[in-house]
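Q: I'd like a close look at one part of this model: the contact between the chains. Start there, then carry on into whatever helps me picture each partner.

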Amino acid sequence: MARGDPEAGTTGALDVDGRRAVLAKVRDEIDAEVALRRSSGSVPADLEQRLDEAFSELSPGEGSDYLIRQALEVVDRRAAVAPQVPVASERPGGSFFKRMIRAAVGWYVRFFVAQLTSFAVAVARALHLLAEDLEDLRNETSTQRPPLADGLAVNRASDDLWWMPLAVSAFSDASAPVMCGDIADFATLRALRDAGVDAYGVRDSGDSSGTRAGEGLDVRNEGLLDHARTLVQGAVGGALLEGSIQWIGPRRADELLGTLEPNMAEGTVLMVVSSTPQAWSRLRDPVLADLAPGRPLHPETWVHLMQRHGFAEPRLHRGGPDLAAKWRTSSSGSTPLDQALGSVMESLLGGPDEYAVIAARGAGTR
Amino acid sequence: MSPPKRIDQVIPTLASRDAIGRHTMQVRDLLREMGFASDIYYANASADVLDEGRHIEKLGDADPDGRWLLYQMSIGSPAAMVFARRPEPKLVDYHNITPVELIAPWDPEVGEELRIGRAQMRHLAPLTAFAMADSAYNEAELKAVGYKVTAVAPLLIDMDEFAGRADRGTSRRLEGEREKGGKDILFVGKVAPHKAQHDLLKALAAYRGLYDPAARLRLVGGPISETYSWALDRFAEDIGLTDAVDLPGSVSHAELIAYYQAADVFVCLSDHEGFCVPLVEAMFHGLPVVAFGAAAVPDTVGDAGLVLDSKEPIRVAAAIDRVVGDDGLRSILRTAAAERVASMSLERSRSKFAEVVNSAIDAVESERPSGVQSVTYRS
């Protein structure tokens, strides 16, 4: 329905189906306008990211330490019990009557209040000691990644996006924007856009140094799991997971799929791209490999998790640099020693360094 | 089991300016008209409605044969535990409990009440003979935690309460600001993290940047979290919108009407709503609605507003521009809103609610016949 359409004035009398059709069309037109504005560069590419960052600076911290501190603040505020019972009253003389009673039983109430306050303060003190101990314990046993300097967030084993044709094919019919998360660089997003796929990125980074203002890339500065929790049914036309999913460990991976699945429509495609565990140890940056809090899962584990969460018939593709293949090509020896060495090298190097698992959300599979 | 002679209600807090409080009083009147004796028992009440019910301590002796109890469930409360221990047959009317994670980081005390509320909801499931909810979304939550026999029963809203005269002073002030140019975007609701007023600010920033540099945002409603209100003020300041955002707090009924009358569009970007009466109120006042389709919002709006599946600021800004600038679309939305409001009229809602009460009685009397596990009434 074109804006200002002369017919439009008479459509107030549409029936329910007609109305729904008009609203669906308006939504499509809004989507098209947004896509056009983004691609034309008329919207600053980092506008939404800047707004997100500005508000997240004012938001409460996350993590259990913060929540414990907040809960303790409440305990501290409530620890002192007030002996002064309110005497306000809506009834005539009520206030005077209450004040008399309060004065009369004051000695009695104060006795209990003193004991209650003393008990509450002792409990609060004990809780503070426990919280401090807990924090120390967590710091000592933390597997949290020490902060990495900018530029170390390499998120794949190679720059070769060998899986991009698979992604383009999987997402070409997406009915809504495809969510890519989390992206450490912008190559994926740029390649999808260049292939005509409507996609946006999710990037868990406090800095904006890596943004691509003017490129029309839509990047949301948010944790992947946090973003997944805010999605509503049908909001994404597909999901491409890469980057930090290699570090998050099996429990978080399971939680991520469990959060995404209910909000993805039937038939929506989920794609996971990751390095293999073998390739991880040979990452270009050894600091990143050492300091990352986790290691990539085997592709079979993703297949298992996807099936568990109702994603039907996962397909596994392997690609990227293949040192074992290179070694095979370069090795020409045929002696038993050469063959034994070849076997050892192949088992050490594994197959290709990367894999992609693709599955579609099934119908009523849970 | 014989039908009850009386159905009394238990509610955590009875308040006159609260949709659930007003609903509870309407339900009491309806039950009385249906021939049941009915009173309200509360754990707390606002001063102006103290006489509309009694304190929960006065529930009195158990009467499992003649009396049933209906619990209005929306937050954690000692009232739920009193209700749980009563021997009378139990009904629950569920209005949703805000997810803890949306509130707790900002306000741990309210977060704790919500956490307790969710625990009480699960605790009451096996004890409850029949549970109703004011939206299909809420009914699904009941089923998910184990309520066996459920139904959708409408919230009883007296639309006449939405009508009235606008406060003249407020109307004059708002009109004066409108004369300077720029559209007025309105949202009504408690200033709370799950209502996501910060996302409305983001949308306003995008809308002013792309379409209407003079646009204003009016956020009517009292705060429930000091931390969030502070963050909202600072956020407006940080992104240079202080002069474009009006935060009048809680306002009188006449002032609220002035705000509805002076607005161009009602925008709701809440992350969670159990029903959202202000959406209906906006439709009543003929305001076009743009809303993010979270939780029960799509149930409430139906096809009478533009429901979005994303609240990216640029998308919301484009939707606002479309709604305020497209006469044809506004005409469609106005007609649909009038129909939607009519479908929620007190008369119709009372009739549907009475049907649900009767089916609850049938279901409980026949002790949950097999094959009938869910009774859903939809408008």
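A: Two residues are in contact here if their C-beta atoms, placed from the backbone, lie within 7 Å. Keep in mind that this is a predicted model. By that yardstick, 38 residues of chain A and 41 residues of chain B make up the contact. On the chain A side, the elements that put in two or more residues are helix 1 (16-40), helix 2 (47-56) and helix 3 (64-79) of chain A. Helix 1 of chain A gives the largest share, with ten residues. As for chemistry, that side of chain A splits into 22 nonpolar, eight polar and eight charged residues. For the complex, the predictor reports an ipTM of 0.83 and a pTM of 0.67.

Now for the partner, chain B. It has 14 helices and 13 strands, and 55% of its 379 residues count as buried. Of the chain B contacts with a separation of 6 or more, 69% link residues 24 or more positions apart. Then there's the largest nonpolar core, with 184 residues, where B:V267, B:V289, B:V290 and B:I320 have the most contacts inside it. Helix 12 (residues 313-325) of chain B supplies the largest share of this core, eight residues. Zoom in on B:V267 and, setting aside neighbours within four places in sequence, you'll find it touching B:I185, B:F187, B:L200, B:A203, B:V290, B:V316 and B:I320.

How far can you lean on chain B? Its mean pLDDT is 91, with 96% of its residues at 70 or more. Residues 368-379 of chain B are another story: pLDDT stays under 50 there, and the model has 19 contacts beyond four places in sequence for that stretch.

Back in chain A, there's an open sheet of seven strands to look at, ordered 3-2-1-4-5-7-6 with mixed pairing. Strand 3 (219-221) and strand 6 (311-319) of chain A sit at the edges with a single partner strand each, so one side of each has no neighbour in the sheet. From one strand to the next, the twist averages 20 degrees. Strand 6 of chain A pairs with strand 7 (residues 354-361) of chain A in the antiparallel sense, over seven bridges, and A:R315 has A:I358 in strand 7 of chain A as its bridge partner. Lying across strand 1 (178-181), strand 4 (238-241), strand 5 (269-275), strand 6 and strand 7 of chain A is helix 5 (residues 164-171) of chain A, which runs at about 170 degrees to strand 5 of chain A.

How values were computed
Residues are numbered from 1 along each chain as its sequence is written. Chains are lettered from A and ligands numbered from 1 in the order in which they are written. This is a predicted model: local features need pLDDT of at least 70, side-chain atom pairs count only at pLDDT 80 or more; totals for chains, interfaces and linings use all residues. Helices (H or I, at least four residues) and strands (E, at least two) are DSSP runs, numbered from the N terminus. A residue is buried if 20 or more other C-beta atoms lie within 10 Å of its own, exposed if 12 or fewer, and partly exposed in between; C-beta atoms are placed from the backbone. Ala, Val, Leu, Ile, Met, Phe, Trp, Tyr, Cys and Pro count as nonpolar, Asp, Glu, Lys and Arg as charged, and the others, Gly among them, as polar. A nonpolar core is a set of buried Ala, Val, Leu, Ile, Met, Phe, Trp, Tyr and Cys residues joined through C-beta atoms within 7 Å. pLDDT is the predictor's confidence in each residue, from 0 to 100. Two strands pair if DSSP finds at least two bridges between them. Axes are lines fitted to C-alpha atoms, for helices over the stretch in contact, and angles run from 0 to 180 degrees between N-to-C directions.
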